[in-house]
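This report describes the fold, helices, charged pairs and surface of one protein chain. The sequence and the structure are shown first.

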Amino acid sequence: ETARLTRPSARLHPEHSKKTILSLPEVIVNALLKLSRLIDALTERIGKAVLWLVLIVVLVSAANAIMRYTIHYSSNAFLEIQWYLFGVIFLFSSGYTLLRNEHVRIDLISSKFSKRGQVWIDIFGILFFLMPMAVVIMLLSWPVFMHAFESQEMSNSAGGLIVWPARLMIPVGFFLLILQAISELIKRVGFLMGLCANPMERLNVPSAEEELAQAIKAQKGEAS
């Protein structure tokens, strides 16, 4: 027999609420929505941590340029660490961008559909484009990382850095993207079942640049 739970009806005043029956699929999706919130929280933490790397890249780049033109010293390591940090920013923030629904969309067709139709298009895209692409890249990039790690591969440039951390960024970054894609898929199914809000609506929150500026101001306030 189908398992059923009860929930108070959201349309009624709490004091006069009725009990609404939850079907087994709704129970399962509600449990998955809890998992989705955990994934979102992890993605949010990683995204806000990676945000500071933008400032670090700027400082390293500026320091490298100043040393090159003042004391005539430069190093390939300084250049490569900028590339490494940029790789972390790009790869580790892809899931955070997906969470914020900030990836570029060319809505030539989907904009003509209803909200539910747009959600169905997103589900199709996640299942048949985003997930397969991310899984394939993650799986193919792992042996490349392992080879670089086992051989302790070094940069071809004089004074360059060890290579395996850069190779590791790719499978880890796409794993994080896969996690967030699973979360987005769960939320879209939840929306179609009436269990959560539309995840495709852009949040009215500050941009990454605005968040970084606010964080710097907060740090200055604490220091003073």
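## Surface and overall fold

The protein exposes about 14,700 Å², and carbon and sulfur atoms supply 67% of that area. The model is a predicted one. Of the 224 residues in the protein, 34% are buried.

The protein contains six helices and two strands. Along the sequence these elements follow the order β-β-α-α-α-α-α-α. Among contacts between residues at least 6 apart in sequence, 67% join residues at least 24 apart.

## Helix α4

Helix α4 covers residues 115-151. At 1.5 Å a residue, its 37 residues should span 54 Å, and the end C-alpha atoms lie 51 Å apart, which agrees. The helix nevertheless bends by about 40° at I126.

I126 is itself one of the buried residues of α4. The others in this set are G117, V119, D122, I123, L130, M131, A134, M138, S141, F145 and A148. The cover over the buried residues of α4 includes α3 and α5.

## Salt bridges joining α4 and α5

The count of salt bridges in the model comes to seven. Side chains of opposite charge can pair when their charged atoms come close. D122 and R188 form one such pair, with a distance of 2.8 Å from N to O. This pair links distant parts of the chain, as D122 belongs to helix α4 and R188 to helix α5 (residues 164-192), 66 residues apart. Both partners are buried: D122 has a relative accessible area of 12%, and R188 has one of 2%.

Within helix α5, K187 forms a salt bridge with E184, the closest N and O atoms being 2.8 Å apart. K187 and E184 are three residues apart in this helix and are therefore separated by about one helical turn. K187 is buried at 14% relative accessible area, and E184 is buried at 1%. Salt bridges link D40, D122, E184, K187 and R188 in a network.

## A salt bridge within α1

What salt bridge does K48 form with E44? The side chains of E44 and K48 meet with an N to O distance of 3.5 Å. An α-helix has 3.6 residues a turn, so residues three or four places apart point the same way. E44 and K48 are four residues apart in helix α1 (residues 24-70), and so about one helical turn separates them.

Both side chains belong to partly exposed residues. The relative accessible area of E44 is 23%, and K48 has a relative accessibility of 40%. Each value falls in the partly exposed class because that class lies between the buried limit, under 20%, and the exposed limit, over 50%.

## Nonpolar surface patch

V104, I106, L108, I109, F113 and I121 make a nonpolar surface patch of about 700 Å². Of these residues, I106 is found in the loop between α3 (94-99) and α4. I106 counts as exposed, at 71% relative accessibility.

## Positive phi angles in two loops

Most residues other than glycine have a negative phi, and most peptide bonds are trans. Which residue in the loop between α1 and α2 merits attention in this respect? H72 lies in that loop, where α2 covers residues 76-92. H72 has a positive phi of about 55° although it is not a glycine. H72 is also exposed, with a relative accessible area of 71%.

Q152 is another non-glycine residue with a positive phi, in this case about 50°. The residue is placed just after α4, in the loop between α4 and α5. At 39% relative accessibility, Q152 counts as partly exposed.

## Summary

Helix α4 takes part in several of the features described here. The helix bends at I126, and its buried residues have α3 and α5 among their cover. D122 of α4 pairs with R188 of α5, and both residues belong to the salt-bridge network that also includes D40, E184 and K187. Just after the helix, Q152 takes a positive phi.

Note on methods:
Residues are numbered from 1 along each chain as its sequence is written. This is a predicted model: local features need pLDDT of at least 70, side-chain atom pairs count only at pLDDT 80 or more; totals for chains, interfaces and linings use all residues. Side-chain values use heavy atoms; hydrogens and water are left out. A salt bridge is a side-chain nitrogen of Lys or Arg within 4 Å of a carboxyl oxygen of Asp or Glu. Buried means under 20% relative accessible area, exposed over 50%, partly exposed in between (1.4 Å probe, protein chains only). Patches are made of residues with over 30% relative accessible area and no salt bridge: like charges are joined within 9 Å, nonpolar side chains (Val, Leu, Ile, Met, Phe, Trp, Tyr) within 5 Å. Accessible areas come from the Shrake-Rupley method with a 1.4 Å probe; for residues, only the protein chains shown count as cover. The expected span of a helix is 1.5 Å times one less than its number of residues. The bend at a residue is the angle between axes fitted to the seven residues ending there and the seven starting there. Contact means heavy atoms within 4.5 Å.
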